[in-house]
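I opened the notebook to look up ring contacts first and strand pairing afterwards. The entries follow in that order.

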Amino acid sequence: PLPAEDEWQVIAPIPEDTPREFPAHRLGVPSTTWPYRDQHGGLLFVICRFETEGGKEIIPLTFGNDGKGPRWRWKGYPAPRPLYGLDRLAAQPDAPVLVTEGEKAADAAGDLFPDYVATTSPGGSKTADKADWSRLRGRAVTIWPDADVPGREYAETVARLCQDAGVASIAIVTMPEDTAEGWDLADVLPDGWTDKRLHDLLDNAEVRPENSP
């Protein structure tokens, strides 16, 4: 039987012949889209960023069925949600992993540190526990937090979740105290900073002891 109207059942991976014509949204056209893919490259869902007068809005888009036939809807992916870039993680199984807060920062991290595979969890800093971190089991993980309190809280939560998932090691980058509030890797480098300083921060990330609380 088909699901009831309020029972959205996600279809993932999305069939390759599914039209990529997204439904209209009250905020207009997204400024950026981030596709989430499985380890084989199959599309799972899309995160969309909209620019508004009050700032950005990040909204998930999934493909599924709610009794009206398969279609796209502006609804979230059910927990446990996949991490961003599972295809890249699968393609580089021995590379260290760099976790950021948000897809935009993850893309920037991938460009800045090509020896790492950059990833993040969907849904923002408050929903890390809704993601499936088991894909990082056995890997060396470094977390680069945004330079603010939510960023540090996200990093601590991710560290705990990664430990529970059985990663090989965990380290957290310590941001200098004079870093602008909210700065992340997708932002312009602060005055006086160089790529070398970024690499130094990464190389000197605080390694967490095994079985730390």
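Entry 1, a ring pair. I looked up Phe113 and Tyr116 in this predicted model and found both of them buried. Their ring centres are 6.5 Å apart and the planes meet at 70°. The angle is over 60 degrees, so I logged the pair as edge-to-face.

Entry 2, a second pair. I noted Trp183 and Trp193 as a tilted aromatic pair, with 5.4 Å from centre to centre and 55° between the planes. Both residues sit in the loop between strand 9 and helix 4 (195–203), ten residues apart. Trp183 has 5% relative accessibility and therefore counts as buried. Trp193, at 10%, also counts as buried.

Entry 3, the wider search. Over the whole structure I have nine aromatic pairs. Ring pairs also join Tyr36, Phe45, Tyr77 and Tyr84 into a cluster.

Entry 4, charges over rings. Arg88 lies over the face of Tyr84, 4.9 Å from the ring centre. I found Arg73 over the face of Trp8, at 5.1 Å from the ring centre.

Entry 5, the sheet. I traced an open sheet of five strands, ordered 7-6-8-9-10, with mixed pairing. Which strands stand at the edges? They are strand 7 (117–119) and strand 10 (206–207); each has a single partner strand, so one side of each lacks a neighbour in the sheet.

Entry 6, one strand pair. Strand 9 (residues 169–172) and strand 10 run antiparallel and are joined by two bridges. Opposite Ile172 I found Glu206 of strand 10.

Conventions: Residues numbered from 1 in each chain as written. Predicted model: local features only at pLDDT ≥ 70, side-chain atom pairs only at ≥ 80, totals over all residues. Heavy atoms only, no water. Pairing = 2+ DSSP bridges. Helix = DSSP H or I, 4+ residues; strand = E, 2+ residues; numbered from the N terminus. Phe/Tyr/Trp six-rings, centres within 6.5 Å; stacked < 30°, edge-to-face > 60°. Buried < 20%, exposed > 50% of the residue type's maximum accessible area, 1.4 Å probe, protein only. Lys NZ or Arg CZ within 6 Å of the ring centre and 35° of its normal.
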